[in-house]
Amino acid sequence: MQITCPACGKSQPGAGDNCQRCGCELRALREVLRAAARLAAAAAARLRAGQYAPALALAERSWRLKHSQPAALTAFLAALSGGEDPGAASTWLARMEALEGA
Ligand SMILES: [Zn+2]
């Protein structure tokens with residue numbers, strides 16, 4: 001997993017608990033990113049199974065850890081398919097568009 005050091009901004013590959021440039025501890029950040037990816041994958045699996053409410057809840061948990069395209073897309077599709085809150089789908093669409101513009 002590619003990671004960017006929050007202290008110095010150096011992008012680096014998955015190995016190593018510390019930044020190659022400044023020595024910043026990266027293990028906790030890496031664990032948060034892994035958890036976000038696991039939650040996004042679980043959300044996508046629920047979405048594929050047609051379980052929209054759990055898919056949306058998992059995608060929201062993933063989003064709280066990391067603002068990612070997979071989490072936003074899954075949440076958007078779950079909100080759209082679930083149809084319980086019409087405003088939620090447009091909120092997630094705006095979040096996806098904001099990520100694309102970043
Ligand atoms: Zn660094």
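**Exercise 1.** In this predicted model, work out which geometry the site of the zinc ion has, given the angles among its four donor atoms.

*Solution.* Start with the ligands: Cys5, Cys8, Cys19 and Cys22 each offer their SG atom to the zinc ion, at 2.3 Å. Next, take the angles among the four donor atoms, which run from 104 to 117°. Four donors count as tetrahedral if all angles lie between 85 and 135 degrees, so the site of the zinc ion is tetrahedral. For comparison, the ideal angle for four tetrahedral donors is 109.5 degrees.

**Exercise 2.** Write the sequence spacing of the donor residues of the zinc ion, and find where Cys8 and Cys19 sit in the chain.

*Solution.* Reading along the sequence, the spacing is C-x2-C-x10-C-x2-C. Now place the pair: Cys8 lies in the loop between strand 1 (3-4) and strand 2 (11-12), while Cys19 lies in the loop between strand 2 and helix 1. The two are eleven residues apart, and the pair links distant parts of the chain. It helps to keep the order of elements in view, β-β-α-α-α-α from the N terminus on.

**Exercise 3.** Describe how helix 1 (residues 27-48) packs on helix 2 (residues 52-65).

*Solution.* First the geometry: the helices pack at an angle of about 165°, with their axes 8 Å apart. Angles over 145 degrees count as roughly antiparallel, so that is how helix 1 runs relative to helix 2. The crossing is left-handed. Then the contact: helix 1 contributes residues including Val32, Leu39 and Arg46, and helix 2 contributes residues including Tyr52, Leu58 and Ser62. Finally, sort the contact residues by character: 14 are nonpolar, one is polar and two are charged.

Technical notes: Residues numbered from 1 in each chain as written. Predicted model: local features only at pLDDT ≥ 70, side-chain atom pairs only at ≥ 80, totals over all residues. Heavy atoms only, no water. Axes fitted to C-alpha atoms, helices over the stretch in contact; angles between N-to-C directions. Helix = DSSP H or I, 4+ residues; strand = E, 2+ residues; numbered from the N terminus. Parallel < 35°, antiparallel > 145°, perpendicular 65-115°, else oblique. Left-handed = near helix turned anticlockwise from the far one by under 90°. Contact = heavy atoms within 4.5 Å. Nonpolar A, V, L, I, M, F, W, Y, C, P; charged D, E, K, R; others polar. Donors = N, O, S within 2.8 Å, 3.2 Å for Na, K, Ca; no water. Tetrahedral: all angles 85-135°; square planar, octahedral: opposite > 155°, others 65-115°.
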